Amino acid sequence: MAATGTSQLPEDYDRASELRAFDESKAGVKGLVDAGVSQVPRIFIQPPEKKRANSNTHFDFPVIDLQGMDTDRIQRNRIVEKLRDASETWGFFNVVNHGIPVTVMEEMLNGVRRFYEQDTELKKEFYTRDVSKKLVYNSNFDLYTAKAASWRDTFYCLMAPHPPDSQDLPAACRDILMEYKDQVMKLGLRLLELMSEALGLNPSHLKDMDCAEGFAMLCHYYPACPQPELTLGTGFHTDNDFLTVLLQDQIGGLQVLHQDQWVDVPPKPGALVINVGDLLQLITNDRFKSVEHRVVANHIGPRLSIACFFSTSVQPSSKLYGPIKELVSDENPAKYRETTVSDYVAHFQEKGLEGSTALQHLRL
């Protein structure tokens with residue numbers, strides 16, 4: 001059933017049935033667009049307070065040039081200072097000269113496009129809500145719990161610490177998934193070194209805490225939307241990991257909440273977007289900020305993005321994470337109790353994507 005152009009829904013609206021019908025089609029949002037929908041179905045209509053608001057263009061989004069970080073000590077110190085400032089005030093920044101070839105980034109975007117634009121019957125083989133699968137493809141992990149569905153499809157694969165057999169990955173993109181994973185893992189380790197230094201710690205501190213032990217890739221496809229003012233590509237949320245490395249195409253739509261205003265993250269050729277996750281905010285005792293962000297829907301599409309999460313996610317783990325002892329003092333006591341990554345992610349998923357940060361339930 002399509003929207004009427006407002007958020008008013010009839011009293012006889014059977015949301016559960018419409019959600020089931022959409023899910024059981026296994027065709028995702030792309031299937032709706034391929035079928036020629038001219039109006040946004042009701043399950044996607046956001047409450048009025050969640051809909052698109054004008055973004056503020058008066059802020060300069062941070063860009064950090066990593067050139068010389070391994071060869072020039074003075075330049076490295078400058079990079080560390082910029083990274084500290086961005087992590088403490090924005091929680092987000094672009095990096096350039098990061099070492100990942102543009103050709104690899106372009107092929108990663110092309111591989112994701114090939115997956116989504118292949119025959120629907122081939123994609124359906126991967127459609128599931130069982131997160132224990134090697135690759136999970138669906139539309140909206142919180143489809144049945146969110147107040148409104150988001151205008152996107154996603155496939156997810158956990159690439160470390162137990163990488164999948166390449167044959168378990170889609171033929172359309174398996175080679176580039178493995179190559180891109182290796183490249184981003186290297187970059188992530190270097191960023192964690194810089195972040196450790198920015199905190200006044202030994203460069204290997206965050207790595208030695210196993211912040212890079214787990215690695216997951218979320219590959220998003222945001223089809224063109226006939227009524228983008230009624231819905232969102234992704235509702236506002238924080239990330240439930242230590243660190244996120246995002247590759248986005250040139251369409252744009254990502255927005256960050258900064259000083260209580262939505263700020264566009266402008267696509268920058270060759271750049272990657274880095275953001276602090278909830279678990280990094282927790283272990284830095286609020287020094288580094290995990291910030292709310294969202295993706296607006298767009299008449300233009302599809303928009304493609306690949307978010308790489310440094311986290312062991314739902315995999316069982318007994319390792320406890322709490323504020324780093326070197327960052328805690330009598331004047332600055334611990335703000336959080338300890339948690340395992342798997343417990344935190346389970347709580348995050350139970351809570352649903354949108355709303356206040358899942359860190360709230362760990363605050364002391």
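Start with two strands: select β7 and β10 (residues 272–276), which pair in the antiparallel sense over four bridges. Keep in mind that this is a predicted model. Zoom in on L243, whose bridge partner in β10 is V276.

Next, add β12 (303–310) to the selection. β7 and β12 run antiparallel and are joined by six bridges. Within this pairing, pick L246 and look across to its bridge partner in β12, A307.

Now show the side chains of β7 (243–248). In a regular strand, side chains alternate between the two faces of the sheet. On one side of β7 are L243, V245 and L247, and on the other are T244, L246 and Q248. Are these two faces covered or open? Both are covered, and the residues named on each side are all buried. Buried here means under 20% relative accessible area. Because six of the six residues of β7 are buried, the strand is largely enclosed by the rest of the structure.

Move on to the largest pocket, which holds about 800 Å³ of space. Which residues lie nearest its centre? Select F141, L218, H220, F309 and L353 to find them. The full lining has 40 residues.

To see where the lining comes from, colour the elements that each supply at least two of its residues: β3 (135–138), β4 (153–160), β5 (215–222), β6 (232–237), β7, β11 (293–296), β12 and α9 (341–351). The strands β7 and β12 from the earlier stops are among them.

Last, colour the lining by residue class: 17 residues are nonpolar, 17 are polar and six are charged.

Notes. Residues are numbered from 1 along each chain as its sequence is written. This is a predicted model: local features need pLDDT of at least 70, side-chain atom pairs count only at pLDDT 80 or more; totals for chains, interfaces and linings use all residues. Side-chain values use heavy atoms; hydrogens and water are left out. On a 1 Å grid over the protein atoms alone, a cavity is a set of points where a 1.4 Å probe fits but cannot get out, and a pocket is an open set with protein on both sides within 12 Å along at least five of seven lines; lining residues have an atom within 4 Å of a point. Grid points are joined across faces, edges and corners, and a volume is the space filled by probe spheres set on the points. Ala, Val, Leu, Ile, Met, Phe, Trp, Tyr, Cys and Pro count as nonpolar, Asp, Glu, Lys and Arg as charged, and the others, Gly among them, as polar. Buried means under 20% relative accessible area, exposed over 50%, partly exposed in between (1.4 Å probe, protein chains only). Two strands pair if DSSP finds at least two bridges between them.
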